[in-house]
Amino acid sequence: MGDVPRTRIALGIDPGTAIVGYAVVAARGDGLSMIVCDVITTPARMPLAERLQQIYAGGGEIVGMYAPQEAAMEELFFAKNTRTAMTVGQARGVAMLALANGGLPISEYTPKQVKQAVTGYGDARKEQVGEMVRILLKLPTIPRPDDAADAAAVAICHLNTANYLTNSFLKLQPK
């Protein structure tokens, strides 16, 4: 009798201040399936401290509700606007704290790594990433808004990358 593949459940996060995308994806063997894909939104006129509090609370609720075993976040990449980078960095930090307080191991991936893992091309356009998310998760439409689709791409990247690394490591071990 062969081994029955275990199910791994990963939470992907696309950090932001106004919108935090999140997706919980399950992997069993070579198959992937979407559990949930949505966003946490914070009002633009709300003071930053309260927005961060909402992001933290929302992250904790997601962990409690869907019980992922692991998490992945996209690393920040900003070339120009340092003010935006700072506030998004703060949002990313509180989201990471919520995941860590939920007991989740957290992996981080650059936008290029996510695109490479999902589309096979590190410079893929947002539309290409969304379409591959739709195909890989066998969804009728691309998740909306883009932040939710991006979070699903992060979860897919993590599940495939971690699976590849684990299998490669096991193959290298002496019998």
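These exercises work through the fold of a predicted model, from overall counts to single strand pairs.

Local features require pLDDT of at least 70 and side-chain atom pairs pLDDT 80 or more, while totals for chains, interfaces and linings use all residues. Residues are numbered from 1 along each chain as its sequence is written, and side-chain values use heavy atoms, with hydrogens and water left out.

**Exercise 1. Elements**

Task: State how many helices and strands the protein chain has, and in which order they run.

Solution:
- Take the elements as DSSP runs: helices are H or I over at least four residues, strands are E over at least two, numbered from the N terminus.
- Count them: the protein chain has five helices and five strands.
- Read from the N terminus: the order is β-β-β-α-β-α-β-α-α-α.

**Exercise 2. Burial, surface and contacts**

Task: Find what share of the protein chain is buried, what its accessible surface comes to, and what share of the contacts joins residues at least 24 apart.

Solution:
- Buried means under 20% relative accessible area, with a 1.4 Å probe and protein chains only.
- By that cut-off, 39% of the 175 residues are buried.
- The accessible surface (Shrake-Rupley, 1.4 Å probe) is about 9,900 Å², and carbon and sulfur atoms hold 56% of that.
- A contact means heavy atoms within 4.5 Å.
- Take contacts between residues at least 6 apart in sequence: 57% of these join residues at least 24 apart.

**Exercise 3. The sheet**

Task: Give the strand order of the sheet and name its edge strands.

Solution:
- Two strands pair if DSSP finds at least two bridges between them.
- Five strands then form an open sheet, β3-β2-β1-β4-β5, with mixed pairing.
- β3 (31-41) and β5 (106-109) pair on one side only, so they are the edge strands.
- Neighbouring strands are turned by 20 degrees against each other on average, direction ignored. Axes here are lines fitted to C-alpha atoms, for helices over the stretch in contact; angles run from 0 to 180 degrees between N-to-C directions.

**Exercise 4. Around β1**

Task: Describe the partners of β1 and say how many of its residues are buried.

Solution:
- β1 (residues 7-14) pairs with β2 (residues 19-28) in the antiparallel sense, over eight bridges.
- A hairpin of four residues joins β1 to β2.
- Leu11 stands opposite Val24 in β2, and Asp14 opposite Gly21 in β2.
- β1 and β4 run parallel, joined by four bridges. Ile13 stands opposite Met73 in β4.
- Seven of the eight residues of β1 are buried.

**Exercise 5. A helix on the sheet**

Task: Which strands does helix α3 lie across?

Solution:
- Helix α3 (residues 111-119) lies across β4 (70-74) and β5.
- Helix α3 runs at about 90 degrees to β5.

Terms used: Buried < 20%, exposed > 50% of the residue type's maximum accessible area, 1.4 Å probe, protein only.
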